[in-house]
Amino acid sequence: MDKGEFQKIGYQLIDRLSSFIETINERPVTTGESSRQLQTILGNDSLCEQGLPAQEIMSRATDLLLNHSLLNGHPKFFGYITSSPAPLGALADLLAATVNPNVGANILSPIATEIEKQTIKWLTEFIGVSSTYGGILVSGGNMANFTAFLTARTVKAPKTIKEDGISNSLMKLVVYCPSSTHTWIEKAAVLFGLGLKAIRWIKVDETHKMDNAVLEQTIKDDLKNGCKPLMVIGTAGDVSTGAVDDLKGIAAICKRYDLWFHVDGAYGIPAAIIPEIKPMFDGIDEADSIALDPHKWLYSPLEAGCTLIKNPNHLLETYSSHPVYYNFASDDENISHNYYEYGLQNSRGFRALKIWTSLQHLGRTGYAKLISEDIQLSKLLFQLAEEHPELEAITQNLSITTFRYVPECSIKDPIKKENYINALNETLLNKLQMEGEVFLSNAVLGGKYCLRSCIVNFRTSKKDIKETIEIIVRNGRKIHNNMNTIHDGVK
């Protein structure tokens, strides 16, 4: 592809993407097409023998993606925790992919390595911990937490494990986390040799925070029984409710028993930039490791996760190796920062650029404003749900609201009634996710199947929130009326 062709196709693509961004609110959040329908649209041709014109390929690819995707940049996308991507981040990804540095070794990515180092430093400043924390950018929350988990195992488990393996350790290694912890902890326990029985699920209190008294008693019991406690995981923004654990209290317990303190802040920790909310995260500066995802609440395009470690040398202790075929040594004057020594990947893409550009574009003030607006919109949703006679508001923390549709119902048996309401809301959620007016996810809290809204979206407005209430109630009534013909005694 020569310069002229690249320019022509590039200009056409940018024109179409600009129009897409400008009119995204006029599109459905998702088309709800089935896998079979999409396969038909895509076609089932074999790989072509002769190449096709680049303009034709890019035009078709643009049509496919713009017209057949779930749009997490839509102002009514509130499902899971994927933010609306900043357009500047998309341009940064184009630039990064064009230069294509391999940010595994400094010699392969000289300026990209320095930009990632600076990005890590800025992220520590953003969340209010010491800039002496080091870290690495990864794909997302799972990998950020995995990277910290393995580092904690290296530092706190018996040193013989590195050579002899966990199976030969005489001690039963155990880790502690709230019962609401994301599923990454189960993957980590299985993949990294501890096993599911090594997880101590600590109950949460009525505010959905980990019960620190139960945590400490469980640690004491394990010590009496000959177990080897390794780490405690605190949550800074639970995925279901947005709750933030008592991080300062957890830090004190970890210090008392010499345990690694990890904070899963993949979603919530960016809110620490807001002065009024920052006290909620007291204790974060005592964490040995922190996971955070710029592609969640920093509005970065996917993929962008980050692991921060209080003592970055622990990453080197865990991941560094020097095979003979690597010629990445430092010279006499400079110590090379080779990111392959800080994490699981050797070959690494240039994730930092999209974060680095956006951090500068918005600055602290801009981010604080947008994150505050997301929180206020979530509170508005909770308030409107609380005020509506057919809705039950359940929880509101950070930018996550849970609630459910509860119509007037004459089922007398409380268990049958609860089962009906749960089934109704599950059906309602499925309908909403397929039809594209608004996209929510779910949470199950105290046996209640809830609709869950997480707002990490700079395009969402008060108008979108008010329309969401109307959409939910309208669809809830339709489903209730349909189910009425099946369930006797339901009005």
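Which radius of gyration would a compact globule with 491 residues have, and what does the protein have?

**Figure 1. Overall dimensions of the predicted model.** For 491 residues, a compact globule would be expected to have a radius of gyration near 23 Å, and the 25 Å of the protein agrees with this. The C-alpha trace spans about 80 × 70 × 45 Å along its principal axes, and the chain is built from 15 helices and 11 strands. Among contacts with a separation of 6 or more, 72% join residues that are 24 or more positions apart.

**Figure 2. Surface and charge of the protein.** The accessible surface comes to about 23600 Å², and carbon and sulfur atoms contribute 54% of this area, while 48% of the 491 residues count as buried. There are 49 positive and 56 negative side chains, and the centres of these two sets lie 4 Å apart.

**Figure 3. The largest nonpolar core.** This core holds 94 residues, of which F149, V232, F281, I290, W297 and I371 touch the most other members. Helix α13, covering residues 352–387, gives the most to the core, with nine residues.

**Figure 4. Surroundings of I371.** When its neighbours within four places in sequence are left aside, I371 is in contact with F126, P270, A271, I273 and I274, and also with W297 and Y299. Both I371 and its contact partner W297 are among the residues that touch the most other members of the largest nonpolar core.

**Figure 5. A second nonpolar core.** Separate from the core described above, this second set consists of 29 residues, including Y405, I421, L424 and L429.

Technical notes
Residues are numbered from 1 along each chain as its sequence is written. Side-chain values use heavy atoms; hydrogens and water are left out. Helices (H or I, at least four residues) and strands (E, at least two) are DSSP runs, numbered from the N terminus. The radius of gyration is taken over C-alpha atoms; the globule rule is 2.2 Å times the number of residues to the power 0.38. Buried means under 20% relative accessible area, exposed over 50%, partly exposed in between (1.4 Å probe, protein chains only). Contact means heavy atoms within 4.5 Å. Accessible areas come from the Shrake-Rupley method with a 1.4 Å probe; for residues, only the protein chains shown count as cover. Lys and Arg count as positive and Asp and Glu as negative; His and the chain ends are not counted. The place of a charge is taken as NZ of Lys, CZ of Arg, CG of Asp or CD of Glu. A nonpolar core is a set of buried Ala, Val, Leu, Ile, Met, Phe, Trp, Tyr and Cys residues joined through side-chain atoms within 4.5 Å.
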